[in-house]
Every structure is written in structure tokens, then in C-alpha cells.
Amino acid sequence: MFRRLRPDLSSLRWKIAALAAVTACLVVAAVGVLVHMWTVDDIRSRAEAQAFNRLYSAMDTYRRTGTLADGAELDPAELPLALRHPADGERHTADDGRVEGNVGPSVWAAQRVDGPGSRVLAVQVNMSPELYTLRQLDVTMAVASLLALAVAVPLAVYGAGLLARRLRRVSETAGRISAGDLDARTGPTKGRDEVAEIAATVDHMADTLGQLLRTERQFTADVAHELRTPVGGLLAAADLLPAGETEDLLRARVRDLRGLVEDLLEISRLDAGAEQPVPARVPLGAVVSEAAARTGLRTEVTVAGTEADRTLETDPRRLERIVSNLVVNAHRHGGPPVEVTVEGRTVVVRDHGSGFPEDVLLHGPRRFQTGAAERGTGHGLGLTIALGQARLLGAELHLENAPDGGAVATLRLPLRPSGSCGTGASA
């Protein structure tokens, strides 16, 4: 009857999967950058060591034989500026940083041959093969990262799905509890994580609410039962009073008190599940018309369709109770005219007052609450009983406000009563 917002836990599932994928991408990117930088540094270090060794060998050959070894040059034109005029006779290295065509950057090693102003012997070590290997390593790491993501993302989705299913189970249980099913439980939960703690808390809350509600229902039933005898005595005593205004006023108040006690007893029976429908084949239009007439209030009843269309199997006493409560509520809290329409298996009761309060539309009728001061006075049990009896019949009772003003109560009856007890007036 009343809509309940349900969290979209599937979005949580994809958020967790997306977070896992982003985290994996960041880790892969960080590892890739670190590996790339370490490899570049290793390539440069090995190139410098190779250049040093080749220069040492070339210098030894030049000093012994005066000839240049393979790869060695004197004052080459491509020599980096930092190595053209070394300040001492030690070996020095530098990176030319050039990339021309297929020629990659090179590491140069140079050393002055003789004293100051003498020529410089230099060797060159090209790093293109090592850098090509580095590019292959980068591609391999990228492909491996994509493959790892392709495996990690489905696993993350699956793991998030398990978490979402557990949370959805807790959410559905909490929704059933809020709808009045205090026997709903999340069941045994595995693990000792936060979800298990939430599930245990929800179950404990349901146990506590159930105990409180059972205590309240028992108290209501006991009070109503104990009040029946003194109220009956008051009504009998009122009959002994001499006729007059005082006697009429007292009898009216005693009748109101007796009606309240009977309502409390009816609610307690609905709460306890002690009520069962007694189905019979009845003409819906006739039952509704008679129920409206018995209220003694001026009500316009419209019955549409043929008699055969309006015949159904239901409990006529409970149907009369529902219709009379809706009509009395419309007169007491709404405004004239009050109209009752019967069409098919649907009964609509409408008034032209201020409409139902938002609290009633949102949370449903509550006992001893009329919703708003402008709705008039009353103990708020009429709609509660109507809702409980409708559930007992397996019918739907929907409350709304008409666009042009006024409250509208729509009762949709099933083909046959459910035959099972509902949660009654716990709404």
C-alpha cells in the first residue's frame, strides 16, 4: 500500500568494482613508471661502464702503438662540448642526448692524450639497442597490466556482488520489519565483519521491537477486556436514569466509550492473528450500500456495471466494517459531499475536505493519531481497523488525495479472500 524507498545496492557493487579497478590501474602505473626509470638508469650505468672500459683499452693501445683501436677517435666532431677540453688527464663521460634517424642517444668517454692543449681520445657507446629493449619491456608491461585488469575487474565485481547481496538481504529484512513483519530475520550470517554486525543489530532490533509490541498488544487487549464489564454496567445504569438531557448526554458518552473499547478489542484480535475471514458469495454493490446506510450519514452511493459483474466471494461482515469505517472517517475528518463508487471489484470512498495529511500518506494510519488538527478529532482507530481488515481479506487499501481536493480511499478486493491472517493494524 505504501511505497518504501529501496537503496540501489547494485550501484554500490559497481562503485566498489570501479574503485578496485582504479586502484589496480594506479598500482600498475606506479610500478610501470618505477620499473621504467630503474631500467633507464641501469642502461645508462652499463653504457657508462662499457664506455670507460673501451676508452681504457683504446688509450692503452694508443700509448703503446700510437694507433687507434676500433671505435676510438681523436677530437671527433660529434664529441659533446663538456668533453672537448678536459681539465685533467682522467677519463670522463657524457650523454649527447641526440636522436637522429635510427641513431639513438650515446654515451661518450673521453680522456686527454698528453699534457694541456693536447688532443682528446674518445669512444662512443650507442644506447639504441638497450632503449629498444626498454620499449619492448614497456609494451610487455602494458599488455600484462591490461590482462591483470581483465582478471581483477571481474573478481572485484564478483566480490562486490557478494557484499551487495548480503547488504540487500539486510535491507530487505529491515524493510519487512518496517512494514510490520516482526518475524523477519536476516538469518545466520557468516564471518565477523561489519555486514555481519549490521545484520545482528537488525535482528536484535527486531527482537526488541517484537517484545515491545507484544507487550503493548497484550496491555491493550487486557485493558479493553477489563473495560467491557464496567462500560456495560455504565450503559445499564444509564438506562435507569430519568429521561432528559442529562440521560441523553450520558448515554451518548457511554456509547462512545463502548465503541472505543470494541475497537481496541478488534485491534487486539487482529494483532494476535485470531481473526479468520468467513467467505460467502455476496453482491458487492448491495453490501456497500447497506454498510453506508447503516452509518446514518448522508452518503452518495454509485454502483456501476451489472449485478453479475459485482458478485464476488468475500467476508461480508468485514467488508461492511471496512466501508463503514471509511465513510465515517470521510464525514468526520473530510467535507461533504461524501461519495462511494462501486465498479467491478473496486470500492472508492471520497470526500471533499482538506485531504489526508502527508504523514498518513507516507507512513499509513496510526492508532490514536488523526494526522493533523485540521482533520478533526478522533482516536485514529477507524482507518487502522479498515487497513487490518483489508489485509485479512487479501485486499489493497490505498489512500491518496484528489488533485482537485479531498481524500480518496480505494479498496481493491481479490476474487476470493486470502484466508490467512495479516499483520492487521500494525501499520
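**Exercise 1. Helix packing around α6**

What is the handedness of the crossing of α6 and α8? Determine also how α6 is oriented relative to α8 and to α5 in this predicted model.

*Solution.* Two packed helices are described by the angle between their axes and the distance between the axes.

Step 1. For α6 and α8, the latter comprising residues 382-393, the packing angle is about 150° and the axes lie 9 Å apart.

Step 2. Angles over 145 degrees count as roughly antiparallel; α6 and α8 are therefore roughly antiparallel to each other.

Step 3. The handedness of the α6 and α8 crossing is left-handed.

Step 4. For α5 (residues 284-294) and α6, the axes come within 8 Å and the crossing angle is roughly 50°. The relation of α5 to α6 is therefore oblique.

Step 5. The crossing in which α5 passes α6 is right-handed.

**Exercise 2. The largest cavity**

Establish how many cavities of 30 Å³ or more the structure holds, and characterise the lining of the largest cavity.

*Solution.* Rolling a probe the size of a water molecule over the atoms shows where empty space is left.

Step 1. Two cavities of 30 Å³ or more are found when the whole structure is searched.

Step 2. A volume of about 60 Å³ is computed for the largest cavity. Its lining comprises 12 residues, of which L326, A330, V349, F356 and A409 are the closest to the centre.

Step 3. At least two lining residues come from each of α6 (316-333), β9 (346-350) and β11 (407-412).

Step 4. Sorted by class, the lining contains eight nonpolar residues, one polar residue and three charged residues.

**Exercise 3. Annotated transmembrane regions**

Compare the UniProt annotation "transmembrane region" with the secondary structure of the model over residues 12-38 and 139-164.

*Solution.*

Step 1. According to the unreviewed UniProt entry, this annotation covers residues 12-38 and 139-164.

Step 2. Residues 12-38 are 100% helix and 0% strand, with end C-alpha atoms 39 Å apart.

Step 3. Residues 139-164 are likewise 100% helix and 0% strand, and here the end C-alpha atoms are 37 Å apart.

**Exercise 4. Backbone geometry in two loops**

Locate the cis peptide bond of P336 and P337, and give the phi angle of D75.

*Solution.*

Step 1. The peptide bond joining P336 and P337 is cis, with omega of about -5°. P337 is placed in the loop between α6 and β8 (339-343).

Step 2. D75 is not a glycine, yet its phi is positive, about 45°. This residue, D75, belongs to the loop between β1 (72-74) and β2 (92-95).

Notes: Residues numbered from 1 in each chain as written. Predicted model: local features only at pLDDT ≥ 70, side-chain atom pairs only at ≥ 80, totals over all residues. Heavy atoms only, no water. UniProt positions renumbered as here; feature names shortened; annotations may be inferred. Helix = DSSP H or I, 4+ residues; strand = E, 2+ residues; numbered from the N terminus. 1 Å grid on protein atoms, 1.4 Å probe; cavity = no way out; pocket = protein on both sides within 12 Å on 5 of 7 lines; lining within 4 Å. Points joined across faces, edges and corners; volume = space filled by probe spheres on them. Nonpolar A, V, L, I, M, F, W, Y, C, P; charged D, E, K, R; others polar. Axes fitted to C-alpha atoms, helices over the stretch in contact; angles between N-to-C directions. Parallel < 35°, antiparallel > 145°, perpendicular 65-115°, else oblique. Left-handed = near helix turned anticlockwise from the far one by under 90°.
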